[in-house]
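Please look over the sequence and the structure shown here before reading on. The report that follows moves from the whole chain to single residues.

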Amino acid sequence: MQIPLLLLEFLYLANIAFLAAYGLNALVLAVVRRWRPKPPPVLEAGPGYDWPQVTVQLPVYNERYVVERLIKSVASLDYPRQRLQVQVLDDSTDVTSELIAKLTRSLQRKGLNIAHIQRPDRQGFKGGALAHGMDSASDEFIAIFDADFLPPADFLKRTLPYFDLDPQTGCVQTRWGHINRGSSLLTGAQANGIDGHFVIEQETRSQNDLFLNFNGTAGVWRRACIAEAGGWQHDTLTEDLDLSYRAQLRGWKIQYLPHVTSPAELPPQVNAFKGQQFRWAKGSVQTARKLLPALWRSSQPLVVKVEGTLHLTHYFVHPLMLLNLLLVLPLLLNGTFLLYIYPAFAIAAIGPLFMYMSSMGLGGVPFTRRLFNLLMLVLVGLGLSLNNSRALGEALLAVRSPFNRTPKYNLKDQASPQKSLDYLLPRDQGLWIELALSVYAFVLLLLAVRHGNWGLVFWLSLFSAGYAYIAGLGFKQSFSAGRPAPGAQDIFPITSPPNSGQD
């Protein structure tokens, strides 16, 4: 009996250690950002500036509610028309294509160089569409916007001058804004989580010559950089992260501009949000498997290699949190003393908590509101641990899975029921398991109370509430959309899901 217990105790300590490593990384990034800020200069092109040729690429797939808004926003860019080309890279299979065709014809008559480009198939999905568009784009710079973004009119004029600072600047990334931050607790939590990434992580990495990533949209690439890095590839679900690291490994730099913001729409449905997180988690680990060996063989400084490793693998915190929860029961039943130092788990949490508190503080959010926002971020993060653990499992085992896009609805508040039905996503396979994990954590909480382990009670209450919130929201939105909750056959399908052609 001692060997299994020792093994469980070792797993528990290793789990805490790895979580603490990721937490420490978040803490260091936040501390550096707060007390050693080095913001980039705010550049303005003077009179007579020779504006370069730019192609704006708009990858689109079934975006009937937002595609016209996107195209009109890009058509309003304040940039010399003779130096601007717009490509609508349309892979749609619904009425979206008709809307694009009608609007592009109208804009062409008004003198805008805009092309409606369609492919015979969706091979490579977004990465494939971007690569296909480059075949007919000869301009020096390429700007990219996803369908849910609204680039400001001065976007190009505020970003392109930064390429003149250093000929090795291959990409300029701007900050994401949020159109519908206040529409629900879920969208508010998403906005605060994204702000933490841009205000702390991206800014600190950019200011200190660490590897960072193009976020897939609201940025500009130097065409030569894309070509030298090997072009857009679609062997991962995060083609943007993949290209970013390949470019930086070849000596190119990515510049992040915190003062340029492009607002976008956050997914209002928890199912869509989980699907988005699933893609990001799986894709980041696919990229890690693909590029970490090259990163460690490179001549980059050790700090760049370590930070890059933590960056590419940061979604591992989710299976680590899930494992932490599952280990509690056998350790509790065996009465191990390690559970009485369970507050050591807080060491791993200090970094992310400080990072998000700092990002909200820098954004001027009142302290009491920051505390509530932080609580929602913790609940959402814990509640996503099953979903994202599945994603990492698929990435590590090279399991292919269907690509489910994130629906956009052109909303500032709640999405209408009809809009939700139009782009209804597949049933979530994990709702019942998340609900069971909530009950499991609550039962552990009662056992911890019985044993007088109050530090354990605090964390288990967060686990239980997090899973309950994510599962409950999933059931609620499933029923409101007229779709029954998933049954056992959805959680444990007999046959494999259809292959999307992208893993």
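## The chain as a whole

Among the contacts in the protein with a separation of 6 or more, 82% are between residues 24 or more positions apart, where contact means heavy atoms within 4.5 Å. This is a predicted model, in which local features need pLDDT of at least 70 and side-chain atom pairs count only at pLDDT 80 or more, while totals for chains, interfaces and linings use all residues. Residues are numbered from 1 along each chain as its sequence is written, and side-chain values use heavy atoms, with hydrogens and water left out.

The protein has 18 helices and seven strands; helices (H or I, at least four residues) and strands (E, at least two) are DSSP runs, numbered from the N terminus. Of its 503 residues, 56% count as buried, a word that stands for under 20% relative accessible area, with exposed meaning over 50% and partly exposed in between (1.4 Å probe, protein chains only).

The predictor's confidence in each residue is given as pLDDT, from 0 to 100. Its mean for the protein is 89, and 90% of the residues reach 70 or more. Over residues 484-503, however, pLDDT stays under 50, and for this stretch the model has 41 contacts beyond four places in sequence.

## Two helices that cross

Helix α9 (residues 270-297) and helix α14 (residues 385-396) have axes that come within 8 Å and cross at roughly 35°. Such axes are lines fitted to C-alpha atoms, for helices over the stretch in contact, and the angles run from 0 to 180 degrees between N-to-C directions. The crossing of α9 and α14 is right-handed, a term used if the near helix is turned clockwise from the far one by less than a right angle, whereas anticlockwise gives a left-handed crossing. On the α9 side the contact is made by K274, Q277, F278, A281, K282, V285, Q286 and R289, and on the α14 side by N387, N388, R390, A391, L392, E394, A395 and L396. These residues divide into seven nonpolar, four polar and five charged, with Ala, Val, Leu, Ile, Met, Phe, Trp, Tyr, Cys and Pro counted as nonpolar, Asp, Glu, Lys and Arg as charged, and the others, Gly among them, as polar.

Q286 of α9, named in that contact, also has a C-alpha atom 8.2 Å from that of D235, although the two are 51 residues apart in sequence. D235 is found in the loop between α7 (223-228) and α8 (239-249), where D235 counts as partly exposed at 39% relative accessibility.

## Residues in loops and in a helix

F145 lies in the loop between β4 (141-144) and α5 (155-159) and is buried, at 0% relative accessibility. Leaving out residues up to four places away in sequence, F145 touches V56, Q57, L58, P59, L70, P151, F155, T217, A218 and S262. One of these, T217, is 72 residues from F145 in sequence, yet 4.6 Å from it in space, C-alpha to C-alpha.

T313, in the loop between α10 (302-312) and α11 (317-334), is in contact with Y22, A288 and L292, its neighbours within four places in sequence being left aside. The C-alpha atoms of T313 and Y22 are separated by 9.3 Å, with their positions 291 residues apart along the chain. T187, by contrast, has its place in helix α6, and it touches N180, R181, G182, L266, P267 and P268, not counting residues up to four places away in sequence.

Most residues other than glycine have a negative phi. The table lists two residues with a positive value.

| Residue | Phi | Loop | Relative accessibility |
|---|---|---|---|
| N62 | near 50° | between β1 (54-60) and α2 (67-75) | 9%, buried |
| D209 | about 60° | between α6 (185-207) and β6 (219-222) | 64%, exposed |

## Cysteines

How many disulfides does a search of the whole structure find? It finds zero, a disulfide being a pair of cysteine sulfur atoms within 2.5 Å. The sulfur of C171 has its closest cysteine sulfur in C225, 7.2 Å away, and therefore too far for a bond. Both residues lie inside the buried class, C171 with a relative accessible area of 0% and C225 with 1%.
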